[in-house]
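Reader: I would like a close look at a single strand and at what surrounds it. Which neighbours does the strand pair with, and what holds its end?

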Amino acid sequence: MVTNLFHLGKREGSDQSYQLLRNALDLYLTLAPDDVQYLMLQARLYFHLGINPEKVLDILQHIQAVDPSQHGVVGHLVQLTLEQIARKNQTTEVAVKRHTDEKHRKIEFSVGLIMKHKRYGYNCVIYGWDPKCMMGLDWMRTMGVHNLPHGPDQPFYNVLVQDGSCRYAAQENLICNASPLEISHEEVGRYFSEFSGTHYIANEELQIQYPDDMVLTSQLVEKVYGHS
């Protein structure tokens, strides 16, 4: 049964199938905790979904202890995971980002908007953005960023996903959700003060970082849904 769940989750590309794959791997590894192949799949999946990068490091450390011959692959993924952690922890000097800046002219969305991923179908809320992909080359290669029609030189958005993950999504892959809904994610309260029914209201800290976004979010919500 576990094997069937695993192969079904691996074959599909939807948000629901990722959850199915997570559950199958977690269940299998409770029965076979030293299976290096499945441990590596679990580490890669957690990394891809942005779920608890510290957990990814624990898994990789366990893989290295069980099978030292995996040091090359493990070392590469450790490097990517540390980069992911460093990016998440960059809070000492918060850069103020304005849509009116010339380098931000391609930004189409704003924080607080409820979005849907065009390819994977997951629901999410935007809590940050960059004018282009700010991750390292190794991360971009792993995620296939250069295979996107607009590549890395397009806006990328930090999003909190309904399944509890945090992802970094290209603008071309996001669309306003036709049926906005609350996002069940443990970090929503870190960035937003409330859910209005159509979008999230940024808290004071997020408004300082993105001073133009509240107005732009309200304008886009009115345009898409007919009310703010």
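Author: The account below follows strand E2, from its pairing to the salt bridge that involves Asp130, and then turns to other salt bridges.

The model is predicted, so that local features require pLDDT of at least 70 and side-chain atom pairs pLDDT 80 or more, while totals for chains, interfaces and linings use all residues. Residues are numbered from 1 along each chain as its sequence is written, and side-chain values use heavy atoms, without hydrogens and water.

Strand E2 covers residues 123-130, and eight of its eight residues are buried, so the strand is largely enclosed by the rest of the structure (buried: under 20% relative accessible area; exposed: over 50%; partly exposed: in between; 1.4 Å probe, protein chains only). Strands (E, at least two residues) and helices (H or I, at least four) are DSSP runs numbered from the N terminus.

One partner of E2 is strand E1, residues 114-117; the two run antiparallel and share three bridges (strands pair if DSSP finds at least two bridges between them). Within this pairing, Met115 has Cys124 of E2 as its bridge partner. E1 and E2 make up a hairpin, with five residues separating them. In its turn, Gly121 adopts a positive phi of about 75°.

Strand E3, residues 156-161, also pairs with E2 in the antiparallel sense, here over six bridges. Trp129 is matched in this pairing with Tyr157 of E3.

Asp130 in strand E2 takes part in a salt bridge with Lys97, the N to O distance being 2.6 Å (a salt bridge is a side-chain nitrogen of Lys or Arg within 4 Å of a carboxyl oxygen of Asp or Glu). Because Lys97 belongs to the loop between helix H5 (71-88) and E1, whereas Asp130 belongs to E2, the pair ties together parts that are 33 residues apart in sequence. Both ends of the contact are buried: Lys97 has a relative accessible area of 14%, and Asp130 has one of 7%.

The loop that carries Lys97 also contributes Arg98. The side chain of Arg98 forms a salt bridge with that of Asp212 at 2.8 Å, N to O. Asp212 sits in the loop between helix H8 (204-209) and H9, so this contact ties together parts that are 114 residues apart in sequence. Here Arg98 is partly exposed, at 38% relative accessible area, but Asp212 is buried, at 16%.

The whole structure contains five salt bridges, including one between Asp163 and Arg167, likewise at 2.8 Å, N to O. Asp163 and Arg167 are both buried.
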